Amino acid sequence: YGGGGGGDTRPGDWTCPTCSANVFASKSECFKCRTPKPADNMGGGGGYSGGGYGGGGGGDTRPGDWTCPTCSANVFASKSECFKCRTPKPADNM
């Protein structure tokens, strides 16, 4: 019943940088919040290299990235609006 929790990760599965859900390797976006699969995970691999629990998506943030004040998504520094909810980038993050 249910599923989705615990140690059901397989090689290539990825942790959503927005909501920390475990997403199957074959999926190109998070089933829960629809965040696109990060580019650094596109090549597969990963998996059992260290269990993504506890870290959340913190490792995927880079200098200049910003957190959307509306939906809390991590947005790339080069973007002028949130990919998830379209909120404009705050002036203090320009």
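This is a short tour of selected places in the structure, taken one selection at a time. The model is predicted, and every value given along the way is computed from it.

Begin by selecting aspartate 13, which sits in the segment before strand 1, a strand that covers 14-15. Aspartate 13 is buried and yet has no salt bridge. Add arginine 10 to the selection, for this residue has the nearest side chain of opposite charge, at 5.6 Å from aspartate 13. That distance does not make a salt bridge, because the side-chain nitrogen would have to come within 4 Å of a carboxyl oxygen. With both residues still displayed, turn on the backbone atoms as well, and the side chain of aspartate 13 can be followed to the backbone nitrogen of arginine 10, which it reaches at 2.8 Å.

Next, select serine 20, in the loop between strand 1 and strand 2, the latter spanning 22-23. Although serine 20 is not a glycine, its phi is positive, at about 65°. Such a value deserves a pause, because most residues other than glycine have a negative phi. Serine 20 counts as partly exposed, because its relative accessibility is 39%.

Then move on to serine 72, which you will find in the loop that runs between strand 3 (66-67) and strand 4 (74-75). Here too the residue is not a glycine, and the phi of serine 72 is positive, at about 65°.

The tour now turns to charged pairs. How many salt bridges does a search of the whole structure find? The search finds two. For one of them, select arginine 34 together with glutamate 29, whose side chains meet at 2.9 Å, taken from N to O. Arginine 34 counts as exposed, because its relative accessibility is 57%, whereas glutamate 29, at 29% relative accessibility, counts as partly exposed.

For another salt bridge, select arginine 86 and glutamate 81, where the side chains meet at 2.9 Å from N to O. Arginine 86 is exposed, with a relative accessible area of 58%, while glutamate 81 counts as partly exposed, because its relative accessibility is 32%.

Finish at the second largest pocket, whose volume is about 310 Å³. To bring its centre into view, select Pro36, Pro38, Ala39, Asn74 and Phe76, which lie nearest that centre among the 16 residues of the lining. If you then colour the lining of this pocket by class, you should find eight nonpolar, three polar and five charged residues.

Conventions. Residues numbered from 1 in each chain as written. Predicted model: local features only at pLDDT ≥ 70, side-chain atom pairs only at ≥ 80, totals over all residues. Heavy atoms only, no water. Helix = DSSP H or I, 4+ residues; strand = E, 2+ residues; numbered from the N terminus. Buried < 20%, exposed > 50% of the residue type's maximum accessible area, 1.4 Å probe, protein only. Lys, Arg positive; Asp, Glu negative; His and termini not counted. Polar contact = N/O pair within 3.5 Å; in protein donor to acceptor, adjacent residues only side chain to side chain. 1 Å grid on protein atoms, 1.4 Å probe; cavity = no way out; pocket = protein on both sides within 12 Å on 5 of 7 lines; lining within 4 Å. Points joined across faces, edges and corners; volume = space filled by probe spheres on them. Nonpolar A, V, L, I, M, F, W, Y, C, P; charged D, E, K, R; others polar.
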